[in-house]
Amino acid sequence: MSVPTEFKLNTGASIPAVGLGTWQAKPGEVGQAVLHALKCGYRHLDCALIYQNEKEVGEAIKASGIPREEIFITSKVWNTYQDNVAASLAQTLKDLQTDYLDLYLVHWPVRLVPNETSALFPTNPDGTRAVDRSWNQQDTWRQMEELYKAGKVKAIGVSNFSIPYLEHLEKTWTVVPAVNQVELHPYCPQHKLKKWCEDKGIVLEAYCPLGSTNSPLLKDPEIGAIAEKYKVSPATILISYQVNRGCIVLPKSVNPSRIEENFKVIPLAKEDMEVLEGMAARGKQQRVNTPAWGHDLGFDDWYGPGNKNAPK
């Protein structure tokens, strides 16, 4: 029994099953993390303009000596650029020192309006995010399709899109998204979304596969028992869980030993997958990433009654 090392996208291209996430990787750390990951065998890097570290990532890729065509590079259009996706891509390509991306995603189904408070995280006078609620995500996707058809990106997709947002895009799309990158782990498995995307030929990518800093997932006794059974760490179980269920997984670390450990994927028995797949339904459902855009993004499990993380 083995697990896949890559998945096929609806473009026909292959994407490595495990990628290095670069979110929250600090300047001075992210470059070394990328270099170490590439040295260890990673060939998939997940980046974004809003991470504000793409320049250092680009320098590390160049320093690695690995040919560009051997590395699968993803980036994302930021919310304040949804009315000018080409400008966001141009900045990313410049910073990463490449003339194309393997995958380009719409980071959130939310447009923010830049103002004097910030070019990236603008706020209103009352402190809320400066969201353009009249913006149509179909207009963002149309620009993504233009970049794809021009050959500047080899595949396009979305991130943080729930079924209602995908159904809205579907009404006008001429290119089906290749990927939907969302929060995925046993406490947030998103079974309905996964089924919907699979039926359309869209692959799910898992961010926050280990939860967050001091995550309860790594201390969960059920996960710990499975880890003990296979004589591996809980992190290896959580990463392997995604690949076993057919999802790309994007663990993030700047620690060399953890970068190496996170690249390890093992096959999991059916009974262990059933335990992991059922944890949320048994009362453990929770998210670690609930940004304050000020409105529900249409996920069934996004905000429960009295959820302290719900934006005001």
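**Salt bridges, sheet and core**

E277 comes out as partly exposed, at 24% relative accessibility. Here, buried means under 20% relative accessible area and exposed means over 50%, with partly exposed covering what lies in between (1.4 Å probe, protein chains only). The model is predicted, so to speak of a local feature takes a pLDDT of at least 70 and to count a side-chain atom pair takes 80 or more, whereas totals for chains, interfaces and linings use all residues. Residues are numbered from 1 along each chain as its sequence is written, and side-chain values rest on heavy atoms, with hydrogens and water left out.

The salt bridges make a handy starting point. The structure has 15 of them, each one a side-chain nitrogen of Lys or Arg within 4 Å of a carboxyl oxygen of Asp or Glu. E277 is in one of these, meeting the side chain of R245 at 3.3 Å, N to O. The two sit 32 residues apart in sequence, E277 in helix α10 and R245 in the loop between α8 (234-244) and β10 (248-249), so their salt bridge ties those parts together. Helices (H or I, at least four residues) and strands (E, at least two) are DSSP runs, numbered from the N terminus. R245 is buried, with 6% relative accessibility. Elsewhere, D220, E222, R282 and K284 belong to one network, joined by salt bridges that share partners.

Helix α10 turns up again with D272, whose salt bridge to K229 has its closest N and O atoms 2.7 Å apart. This pair also links distant parts of the chain, since D272 belongs to α10 (residues 270-277) and K229 to helix α7 (residues 221-230), 43 residues away. D272 is buried at 7% relative accessibility, while K229 is partly exposed at 45%. A further salt bridge joins the side chains of E228 and K231 at 3.0 Å, N to O. K231, at 64% relative accessibility, is exposed.

Next comes the sheet. Eight strands form an open sheet with parallel pairing, in the order β3-β4-β5-β6-β7-β8-β9-β10; two strands pair if DSSP finds at least two bridges between them. The edges are β3 (20-21) and β10, and each has a single partner strand, so one side of each is left without a neighbour in the sheet. Further in, the parallel strands β6 (residues 103-106) and β7 (residues 156-159) are joined by three bridges. One residue in these bridges is Y104, partnered in β7 by I156. Helix α3 (residues 85-96) packs on the sheet and touches β5 (72-77) and β6, its direction making about 140 degrees with that of β5. Axes here are lines fitted to C-alpha atoms, for helices over the stretch in contact, and angles run from 0 to 180 degrees between N-to-C directions.

Y104 also matters for the nonpolar core, where V34, Y104 and I237 touch the most other members among the 93 residues of the largest one. The largest share of this core, six residues, is supplied by α8. A core is a set of buried Ala, Val, Leu, Ile, Met, Phe, Trp, Tyr and Cys residues joined through side-chain atoms within 4.5 Å. Beyond its neighbours within four places in sequence, V34 contacts (heavy atoms within 4.5 Å) L20, T22, L45, V57, A60 and I61.

As for disulfides, meaning cysteine sulfur atoms paired within 2.5 Å, the count is zero. C208 has its closest cysteine sulfur in C188, 9.5 Å away and too far for a bond. C188 is buried at 0% relative accessible area, and C208 is buried at 9%.
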